[in-house]
2 protein chains.
Amino acid sequence: MATEDRRVRRTKRLLRDALVSLALERGYSAVTVEDVTERADVGRATFYTHYTDKDELLGQIVADLGEDLKERLRPLVSDSSVGFTGKPVLEMFRHAAEERDAYRVVLRGEGDGRALRRFVDERTALAAQIFSARSAANGVTPRIDMEVLSRAWVGEQVAVLQWWLESDPPPLTPEAVTEMLLELSLRGRYWASGFDGSPSSDDDTT
Amino acid sequence: MATEDRRVRRTKRLLRDALVSLALERGYSAVTVEDVTERADVGRATFYTHYTDKDELLGQIVADLGEDLKERLRPLVSDSSVGFTGKPVLEMFRHAAEERDAYRVVLRGEGDGRALRRFVDERTALAAQIFSARSAANGVTPRIDMEVLSRAWVGEQVAVLQWWLESDPPPLTPEAVTEMLLELSLRGRYWASGFDGSPSSDDDTT
DNA sequence: TCATTACTGGACATACTGTCCAGCATCGGG
DNA sequence: CCCGATGCTGGACAGTATGTCCAGTAATGA
């Protein structure tokens, strides 16, 4: 499946790494194709035999990241259909830690946010799927619009992931962040803030 | 304070509107300075007497949006220091509805996400400030890292706002989304999913 | 009214893009 | 190990965008 020719694999890998490191240094839009090929130490013409665009290369990067993550998540997803385990989230944080630079490029929204949007949409689809399965399995009806629920949950994860990836040194272990995130999202901000009971009604929205 | 000369005000307004509409149509990076000046019906040279860059213009747009929002929020923030009212969030959604196109450009992450990052950081700073004030006022200690708490809360808002702004027709009133968001974040996903009690311990993260 | 300031079109050098090609190097199947 | 296939190369190309400059014209507001 993966490209046969050793030369191709090598070239693609070099181009990827070059784009990622340059985008982190100067910002994606300030990076030219020539910059990339120069750092990768390949001819400029070579770039165009593999990709039509800087954008296509970035697209490949997210695609691969998504593919990779999906693979890791596959065995965990079925478990999640019943209880609220944090396993998929934990796995995402671990994956991000391993592919830190690529994740940072994507999560910063380089490429006018297209890559990030794609990543988020994939997470959202998965979350929605899990939530639906869980509602069905447990015979409960969500009190809140499913779309809002999934978007919010993924938004939370991604926001914290962004912060986590940009903090140096890493402030928390993957296990620790995941746990916070899960507790927070399950029990709510009221609980997380240190209160004991449930929010009283005059605290509600107006 | 705002620029004196009528011509300047007019030109800047035209350039802004042109950039926003073009960015929505073609994507920010595909828009050239000449496209902008053409749509705005101003000479290309004029652009450079006001801005050095496309990026500077986009920067101005977020800056103004942030300024505007801050202004509207000022009277509400003090109220929020005690209870968990959703007023600031509601106001943000209203503001976004009024400035829909500009918000869409920013929230899509055009400009390699710089504008969005700026917007998010401003929201996060405000959230952190409110949370701290509230903890102090109520004499409670947060159970979760303040940084995680703020990032997550803002991430939630922004993710839902993005979805809300791109949905056509608008699926919910500002009041309705705000309420969902607030309930969800206060009481947690467990509650939102339709369960009654609190999450049991075997549902916890591993 | 009039001094100031903004807008204008056109021209400029510079830089990046994407395409093409002909020659050389490397590959992997037989 | 050979050799046909494929990838890599530098160099050249036209096309387009950038940012700067200028000298002439028009609008502004005091």
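1. Starting with A176(A): in this predicted model, A176(A) counts as partly exposed because it has 16 C-beta neighbours inside 10 Å, which falls between the 12 or fewer of an exposed residue and the 20 or more of a buried one. You'll find A176(A) in helix 9 of chain A, residues 174-187. If you want a distance to check, its C-alpha sits 41 Å from that of R7(A), with the two positions 169 residues apart in sequence.

2. T49(A) is another one to look at. Its C-beta has 10 neighbours inside 10 Å, so T49(A) counts as exposed. It belongs to helix 3 of chain A, which covers residues 44-50. From T49(A) to P170(A) the C-alpha separation is 39 Å, and they are 121 residues apart along the chain.

3. On to the DNA. Strand D has 21 residues around it, and the closest are T11(A), V42(A), G43(A), A45(A) and T46(A). Both chains give two or more residues to this surface through their elements: helix 1 (6-26) and helix 3 from chain A, plus helix 1 (6-26), helix 2 (33-40) and helix 3 (44-50) from chain B. By residue class, the surface near DNA strand D splits into 9 charged, 6 polar and 6 nonpolar.

4. Now the core. The largest nonpolar core has 108 residues, and those with the most contacts inside it are L19, V106 and V160, each in chain A and in chain B.

5. V160(B) is worth a click. Setting aside neighbours within four places in sequence, V160(B) touches V148(A), R151(A), A152(A) and G155(A) from chain A, along with V177(B) and L181(B) from chain B.

Definitions and conventions:
Residues numbered from 1 in each chain as written. Chains lettered and ligands numbered in written order. Predicted model: local features only at pLDDT ≥ 70, side-chain atom pairs only at ≥ 80, totals over all residues. Core = buried A, V, L, I, M, F, W, Y, C linked by C-beta atoms within 7 Å. Contact = placed C-beta atoms within 7 Å. Helix = DSSP H or I, 4+ residues; strand = E, 2+ residues; numbered from the N terminus. Near = placed C-beta within 6 Å. Nonpolar A, V, L, I, M, F, W, Y, C, P; charged D, E, K, R; others polar.
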